[in-house]
Amino acid sequence: MTLISILIIILAYLLGSISSAILICKILNIPDPRYFGSKNPGATNIFRIAGYKIAIFVILFDVLKGAFPIWLGYYLEISSDSLGAAAIFTCLGHMYPIFFKFYGGKGVATAFGALTTININLSIIMISTWLLTVLSFGYSSLGAVVAALIVPCYTWYFQPQYLFPTIIISSLVLIKHIVNIKRLWNHQEKRIWRN
């Protein structure tokens, strides 16, 4: 692994550690998402606390911070293994941010941003899977879980060299959703459009 690859992986983690949900709420004097709603600093909780406009900003920021290190890595022609590692560390930064005492979001938008750079067809399928699930059942968490479960299959078909990092990222997303999965199983999860 080259020095450039290592620097991009470190940059990926640091970028991932920038919590857009927390920063945007501080700038706009909106309640800190870590202490309200689901207490998760992510777009779904922001949607419930502050509305869809602010949630869209959070999603866009999280997608871009996931995608930027991978784009940079492509530009600097680092290896596919290093690109995969950068994608993983971007998600780890979002989930366990060094700037916010390692308490972060669940990584869905950041994972999408990192993985969407792999293949345009993969990105379309990922967002379609999430959107179709949410529109069908009303649960953002269920959309994330379903997408995380099937994205490795899509990756294997479109870009098999990134299968291993995709499996790791999907596993991290699933681990962060364990509480949601339990609530879904017990019919206690809140739908995205209700408080």
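The lining of the largest cavity, by class, holds nine nonpolar residues, two polar residues and no charged ones. I should say at once that the model before you is predicted.

Which residues form that lining? Ile 70, Tyr 74, Leu 83, Gly 84, Ala 87, Ala 114, Leu 115, Thr 117, Ile 118, Tyr 162 and Pro 165 line the largest cavity. Its volume is about 50 Å³. A search of the whole structure for cavities of 30 Å³ or more returns one. As a general remark, rolling a probe the size of a water molecule over the atoms shows where empty space is left.

Let me turn to the helices around this cavity. Three of them, α4 (52–75), α5 (80–95) and α6 (108–116), each contribute at least two residues to the lining. Which helix gives the most? That is α5, with three residues.

I shall now follow α5 to its packing against helix α9, residues 163–176. The axes of α5 and α9 lie 9 Å apart, at an angle of about 15°. The two helices are therefore roughly parallel to each other, since an angle under 35 degrees counts as such. The crossing of α5 past α9 is left-handed. On the α5 side, the contact is made by Gly 84, Ala 87, Ile 88, Cys 91, Leu 92 and Met 95. On the α9 side, the residues are Pro 165, Ile 168, Ile 169, Leu 172, Val 173 and Lys 176. Sorted by class, this contact has 10 nonpolar residues, one polar and one charged. Please note that Gly 84, Ala 87 and Pro 165 take part in this contact, and that Gly 84, Ala 87 and Pro 165 are also among the residues lining the cavity.

The second packing I wish to present involves α4, together with helix α1, residues 3–16. At what angle do their axes cross? The crossing is at roughly 165°, and the axes come within 9 Å. Because angles over 145 degrees count as roughly antiparallel, α1 is placed in that category relative to α4. In this case α1 passes α4 in a right-handed crossing. From α1, the residues in contact are Ile 8, Leu 11, Ala 12, Leu 15 and Gly 16. They meet Lys 65, Phe 68, Pro 69, Leu 72 and Gly 73 of α4. The class count for this contact is seven nonpolar, two polar and one charged.

To close, I return to the cavity: its lining has no charged residues, whereas the contact of α5 with α9 has one, and the contact of α1 with α4 has one.

Methods
Residues are numbered from 1 along each chain as its sequence is written. This is a predicted model: local features need pLDDT of at least 70, side-chain atom pairs count only at pLDDT 80 or more; totals for chains, interfaces and linings use all residues. Side-chain values use heavy atoms; hydrogens and water are left out. On a 1 Å grid over the protein atoms alone, a cavity is a set of points where a 1.4 Å probe fits but cannot get out, and a pocket is an open set with protein on both sides within 12 Å along at least five of seven lines; lining residues have an atom within 4 Å of a point. Grid points are joined across faces, edges and corners, and a volume is the space filled by probe spheres set on the points. Helices (H or I, at least four residues) and strands (E, at least two) are DSSP runs, numbered from the N terminus. Ala, Val, Leu, Ile, Met, Phe, Trp, Tyr, Cys and Pro count as nonpolar, Asp, Glu, Lys and Arg as charged, and the others, Gly among them, as polar. Axes are lines fitted to C-alpha atoms, for helices over the stretch in contact, and angles run from 0 to 180 degrees between N-to-C directions. Angles under 35 degrees count as roughly parallel, over 145 as roughly antiparallel, 65 to 115 as roughly perpendicular and the rest as oblique. A crossing is left-handed if the near helix is turned anticlockwise from the far one by less than a right angle, and right-handed if clockwise. Contact means heavy atoms within 4.5 Å.
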